[in-house]
Amino acid sequence: MISPAEALALILDRVAPLAARGLALPEILGLAVAEDLRSAAQVPPFANSAMDGYAVRAADLTGATRAHPVRLQVLGDLAAGGVPKGAVGSGEALRIMTGAPLPEGADAVVPVEDTTRGGDWVELRKPTRRGIHIRLAGEDLQVGQLLVRAGQGLRPGDIGALAAAGLPTVNVHPRVRVAVLTTGDELVDVSEEPGPGRIRDANIHAVCAQVAACGAIPVPFPRVPDDRATLTRTLRMALEADVVLTTGGISVGDYDFMKDMLEALGAERVFWKVAQKPGGPLGFWMLGEKPIFGIPGNPVAAMLMVEEYVRPALRKQMGFAKLHRPVAEANLEGGWTGKAGDPRTTFLRVVARREAGGMHARLTGPQGSAILSSMLTANALAVIPGGVARVEPGDPVQLHLTEEAEDH
Ligand code: AMP
Ligand code: MG
């Protein structure tokens, strides 16, 4: 058996980012960029008004007071999208709207609220300063300025900046398509009333949701009974996807023939079994360039495996620079008692919260690998290293914060 860290290293060593392609802005939310993105334009492209008001020469208003306003002649109106017809001279003003280009000669904009209009003149009651309420050309973005670094996931704000900066398509890594297979004669669809000895297939929904939450595309397959021929047939179809994820049939039971079937198809075993609880019998294979994860069937174990091993692998394939969840240290309220001498790492589902004195975590309840209710309120995993049989109440433990995104 290998340690969780060794397992993760072996997986990440074998998976590579999918080839990048140019995609248009409406298609790139959440994807990682394949190269540094730089502005192709200056933003704003021209000096313009930041207010609805009057474009003036500041020098004209030097002596303006409430008692003795300065009266300027209004040359006309300029809306956003318009072009000034001429310059603003001394004693003149141009009515200007937010976003309209600043006319030659003007060096300040007086907000309309500070003015009194009458016919073709406007009165201004106080002095102004040069440059006020003017947005300068390029004050936001310069040509060539770095916008988004390679490996960063694109958020709505990034996409807005790319649009303003004149980048209609960008090179991004595509979403990974992940075939998800659940196996077991006992499984029925969630909409069915399970007959004697049967249970509902939780994994297909849980695992597909996890895959989607990573930004990848889950491709759910019809449930596979514990039957060699059907399993092989379904695996062959699943291998059309970029990654194959199977749950169940990976342990040492009489019907656990996932390993044999994968290897009969030519898959190379990278490892089987990780020294951890829940979820020991994780297997990882490569078939050519294609990663295949064989995950145990117990639902909590399955989800932990996806969280700890599959998610970083999918993120690497999708080109993200950051693969892992943020970590933190927390006091484990109530402590924990394990099995003395157990060399396996234990992953506990906890509710973590930040307080003034630091982070605190408490167990979500019973921690068995089939106890799905332990996932309901969890927002973090506490990682207890192998060999540690006891955590005293209030002792520090390491957390993987499963609800906090990495820095995109
Ligand atoms: P296995 O890994 O196939 O030996 O299954 C281990 C345990 O997980 C058994 O109790 C199975 O009934 C259960 N199990 C397997 N697959 C699923 C699934 N898709 N949904 C819910 N429970 C499952
Ligand atoms: Mg099974």
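Here are two short exercises on the pockets and the ligand of this predicted model.

Local features need pLDDT of at least 70, side-chain atom pairs count only at pLDDT 80 or more, and totals for chains, interfaces and linings use all residues. Residues are numbered from 1 along each chain as written, ligands are numbered from 1 in the order written, and side-chain values use heavy atoms, without hydrogens and water.

**Exercise 1.** Work out which residues surround ligand 1 and which polar contacts its oxygen atoms make.

*Solution.* Start with the shell (residues with a heavy atom within 4 Å): it has 16 residues, with Glu186, Asp201, Ala202, Gly249 and Gly297 closest.
Next, look for polar contacts (pairs of N or O atoms within 3.5 Å). An oxygen of the ligand lies 2.5 Å from a side-chain N or O atom of Glu186. Polar backbone atoms join in too: one of Gly249 at 2.9 Å and one of Asn298 at 3.1 Å, each from a ligand oxygen.

**Exercise 2.** Find the pocket that holds ligand 1, then describe the largest pocket.

*Solution.* Ligand 1 sits in the second largest pocket (more than half of its atoms lie within 2 Å of the pocket's grid points). A pocket here is an open set of points on a 1 Å grid where a 1.4 Å probe fits, with protein on both sides within 12 Å along at least five of seven lines; lining residues have an atom within 4 Å of a point.
Now turn to the largest pocket, with a volume of about 640 Å³. Its lining counts 30 residues, and Ala213, Glu307, Arg311, Arg325 and Thr402 are nearest the centre.

Notes
A polar contact is a pair of N or O atoms within 3.5 Å; within protein, one must be able to donate a hydrogen and the other to accept it, and residues adjacent in sequence count only if both atoms are side-chain atoms. Grid points are joined across faces, edges and corners, and a volume is the space filled by probe spheres set on the points.
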